[in-house]
Amino acid sequence: MYKPPDYYLTDELLSDEHKIVRTAVRDWVNRSVKPIIEKAAQEHIFPIHLIKEMGEIGAFGPYIPEKYGGAGMDHIAYGIIMTELERGDSAIRSAGSVQSSLVMYPIYTFGNEEQRMKYLPRLATGDYIGAFGLTEPNHGSDPGSMLTHFKDKGDHFLLNGSKMWITNAPIADIAVVWAKDEEGIIRGLIVEKGMEGFSAPETKGKWSLRASSTGELVFDNVKLPKENLLPNVKGLKGPLMCLNSARYGIAWGVIGAAMDCYDAALKYALERKQFGKPIASFQLQQKKLAEMLTEITKAQLLIWRLGVLRNENRAFPAQISMAKRNNVEMALKIARDSRQVLGAMGITGDFPMMRHMMNLESVITYEGTHDIHLLITGMDVTGIPAFE
Ligand code: TGC
Ligand code: FAD
């Protein structure tokens with residue numbers, strides 16, 4: 001049976017429920033993701049058939065109450081699920097992050113009861129696929145300057161503008177879209193596939209997250225029913241609260257990618273012989289492996305503590321930024337170092353390192369870039385925002 005790196009015995013901190021969830025998701029990733037993911041990435045195709053299966057294993061909305069189709073579990077269970085999904089591929093974790101944190105979370109937190117009942121159960125099963133539209137062609141790190149806007153036309157809203165780099169856009173049934181009202185206040189809207197004037201072209205040619213579907217959301221005089229406005233939030237804090245949940249999940253998720261790389265490098269180093277010995281017997285390779293394990297262990301401890309704080313509703317945004325930034329950098333470095341342990345073999349699709357490495361270049365950029373998270377910490381430490 002697979003034994004993940006757990007140098008400081010963090011398994012002892014998990015409940016039985018956490019372990020059951022982990023086993024279920026890990027088994028599913030081994031069965032349904034690992035055998036097909038390399039081909040999907042090479043062919044630049046999102047394996048859409050996995051969405052329903054993700055619904056079946058409870059990967060969507062694990063912390064959303066059962067009444068709405070979620071599993072009513074805690075934030076550590078959510079994190080564990082993200083780790084296991086990203087052990088398979090960041091694209092699969094992205095599908096889980098977007099559906100849970102960026103679509104179900106805002107509908108649950110900012111929606112009314114009708115909206116919750118209409119959308120959440122279908123998102124939980126994967127009958128609906130969701131997308132989250134914040135980033136625009138000219139407004140990425142600075143979403144507060146967005147141009148997408150809507151006007152009140154009496155019995156409906158008229159929505160205009162566009163969003164770019166949107167995960168799931170081409171395949172989504174609904175999109176939670178952030179747009180300014182006539183007073184310039186950011187509001188959340190639910191836009192449905194098929195609405196007149198709404199299109200979602202795919203963005204091709206990515207070298208990263210190739211097994212994820214990315215695209216634009218284009219709104220050309222979209223007539224939106226007024227009941228599609230999320231009533232319970234105003235301002236940039238709405239989307240940023242969603243990002244807190246997604247960034248937290250990413251900080252767990254990338255540990256899965258790092259473990260996948262470390263495991264493959266350790267196995268290879270013990271088997272591959274040069275100069276008559278396993279390469280694992282050379283100090284330089286041991287240094288890489290020892291440092292990888294040290295960094296994974298530190299990331300596990302950091303995220304465990306953050307999970308406890310989030311369960312207690314005490315995790316503040318700058319702590320989440322620190323964990324996202326630290327853990328993604330850790331995973332990216334491990335993907336690079338582990339690839340080197342494999343020499344030429346490391347560049348092939350027979351091993352997962354290159355795919356994880358390329359994926360992590362997106363992960364270090366989306367949900368707030370590496371620089372932005374550093375600036376968030378800097379602002380928290382000094383009290384001085386250095387964004388402008
Ligand atoms: P600022 O003036 O600082 O704040 C505006 C209002 O928001 C509040 N706030 C937060 N609330 C909750 N959580 C947070 N993390 C918050 N950060 C700020 C703040 O208190 C204020 O509230 P109020 O009531 O006073 O109005 O805003 P700013 O315009 O200066 O921007 C700050 C900055 C740069 C940190 C922020 O805009 C930022 O985080 N930028 C990065 C953008 C980003 O992360 N985009 C991600 C797009 S989604 C995505 O990438 C999905 S990938 C999906 C996948 O996994 O595939
Ligand atoms: P920019 O903001 O133009 O930044 C460019 C560079 O300038 C970066 O290095 C940045 O750190 C730096 N920079 C910017 N401002 C400052 C500053 N004040 N000080 C110092 N340096 C600065 N968005 C969504 O809304 N929904 C999604 O589902 C989604 N999915 C994505 C999927 C993928 C595969 C990718 C790659 C992106 C996705 N995004 C999504 C967009 C993502 O959130 C943005 O790419 C990200 O926020 C950065 O914006 P930008 O690309 O416009 O870069």
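These are my notebook entries on ring pairs, ligand contacts, backbone angles and one helix in this structure. I kept in mind throughout that the model is predicted.

**Entry 1: aromatic pairs**

I began with the rings. A pair of aromatic rings is described by the distance of the centres and the angle of the planes. I took 6.5 Å between centres as the limit for a pair. By that rule I have eleven aromatic pairs. I looked up Tyr78 and Tyr248, which form a stacked pair with 6.5 Å between centres and 25° between planes. The angle falls under 30 degrees, so the pair counts as stacked.

Where do Tyr78 and Tyr248 sit along the chain? Tyr78 belongs to helix 3 (residues 75-88) and Tyr248 to helix 6 (residues 237-271). The two are 170 residues apart, so this pair links distant parts of the chain. I checked burial as well: Tyr78 and Tyr248 are both buried.

Next I took Tyr105 and Phe110. Their rings meet edge-to-face, at 6.1 Å centre to centre and 85° between the planes. Are these two residues buried or exposed? Tyr105 has a relative accessible area of 12%, so I list Tyr105 as buried. Phe110 has 2% relative accessibility and is buried too. I then followed the ring pairs outward. They join Tyr105, Phe110, Phe132 and Trp178 in a cluster.

I went back to Tyr248 for a charge over the ring. Arg310 lies over the face of Tyr248, 5.5 Å from the ring centre.

**Entry 2: ligand 1**

I listed the surroundings of ligand 1 and found 25 residues. The closest are Ser94, Thr167, Asn244, Arg247 and Glu367. Then I went through polar contacts. The side chain of Asn244 has an N or O atom 2.9 Å from a nitrogen atom of ligand 1. Arg247 places a polar side-chain atom 2.7 Å from an oxygen atom of ligand 1. Gly368 uses its backbone: an N or O atom there lies 2.9 Å from an oxygen atom of ligand 1.

How much of ligand 1 does the protein cover? On its own, ligand 1 has 1,100 Å² of accessible area, and the protein covers 70% of that.

**Entry 3: ligand 2**

I repeated the search for ligand 2. There are 17 residues around ligand 2, and Phe132, Thr135, Ser141, Trp165 and Thr369 come nearest. I recognised Phe132 from the ring cluster with Tyr105, Phe110 and Trp178.

Which oxygen contacts did I note? An N or O atom in the side chain of Ser141 is 2.6 Å from an oxygen atom of ligand 2. For the side chain of Thr369, the distance to an oxygen atom of ligand 2 is 2.7 Å. Asp371 has a polar side-chain atom 2.9 Å from an oxygen atom of ligand 2. Ligand 2 has 990 Å² of accessible area on its own, of which the protein covers 68%.

**Entry 4: positive phi**

I looked for positive phi in residues other than glycine. Leu9 is one of them, with phi near 55°. Leu9 is in the segment before helix 1 (16-43). Its relative accessible area is 49%, so I noted Leu9 as partly exposed.

Phe275 is another, with phi near 50°. Phe275 sits in the loop between strand 8 (273-274) and strand 9 (277-278). With a relative accessible area of 79%, Phe275 is exposed.

**Entry 5: helix 9 and the loop after it**

Why do I call helix 9 (residues 353-363) largely enclosed by the rest of the structure? Because eight of its eleven residues are buried. I wrote them down: Met353, Arg355, His356, Met357, Asn359, Leu360, Ser362 and Val363. What covers these residues includes helix 1, helix 3, helix 4 (90-110), helix 6 and helix 8 (317-341).

I took Ser362, in helix 9, for a closer check. Ser362 is at 19% relative accessibility, so the residue counts as buried, the limit being 20%. Leaving aside neighbours within four places in sequence, Ser362 is in contact with Ser208 and Leu209.

Last, I moved to Thr365, in the loop between helix 9 and helix 10 (370-382). Thr365 is partly exposed, at 46% relative accessibility. I also took a distance from Thr365 to Val176, which is 189 residues away along the chain. Their C-alpha atoms are separated by 21 Å.

Notes
Residues are numbered from 1 along each chain as its sequence is written. Chains are lettered from A and ligands numbered from 1 in the order in which they are written. This is a predicted model: local features need pLDDT of at least 70, side-chain atom pairs count only at pLDDT 80 or more; totals for chains, interfaces and linings use all residues. Side-chain values use heavy atoms; hydrogens and water are left out. Rings of Phe, Tyr and Trp (its six-membered ring) pair if their centres lie within 6.5 Å; planes under 30 degrees apart count as stacked, over 60 as edge-to-face and the rest as tilted. Helices (H or I, at least four residues) and strands (E, at least two) are DSSP runs, numbered from the N terminus. Buried means under 20% relative accessible area, exposed over 50%, partly exposed in between (1.4 Å probe, protein chains only). A charge sits over a ring if NZ of Lys or CZ of Arg is within 6 Å of the ring centre and within 35 degrees of the ring normal. A residue is near a molecule or strand if one of its heavy atoms lies within 4 Å of it. A polar contact is a pair of N or O atoms within 3.5 Å; within protein, one must be able to donate a hydrogen and the other to accept it, and residues adjacent in sequence count only if both atoms are side-chain atoms. Accessible areas come from the Shrake-Rupley method with a 1.4 Å probe; for residues, only the protein chains shown count as cover. Contact means heavy atoms within 4.5 Å.
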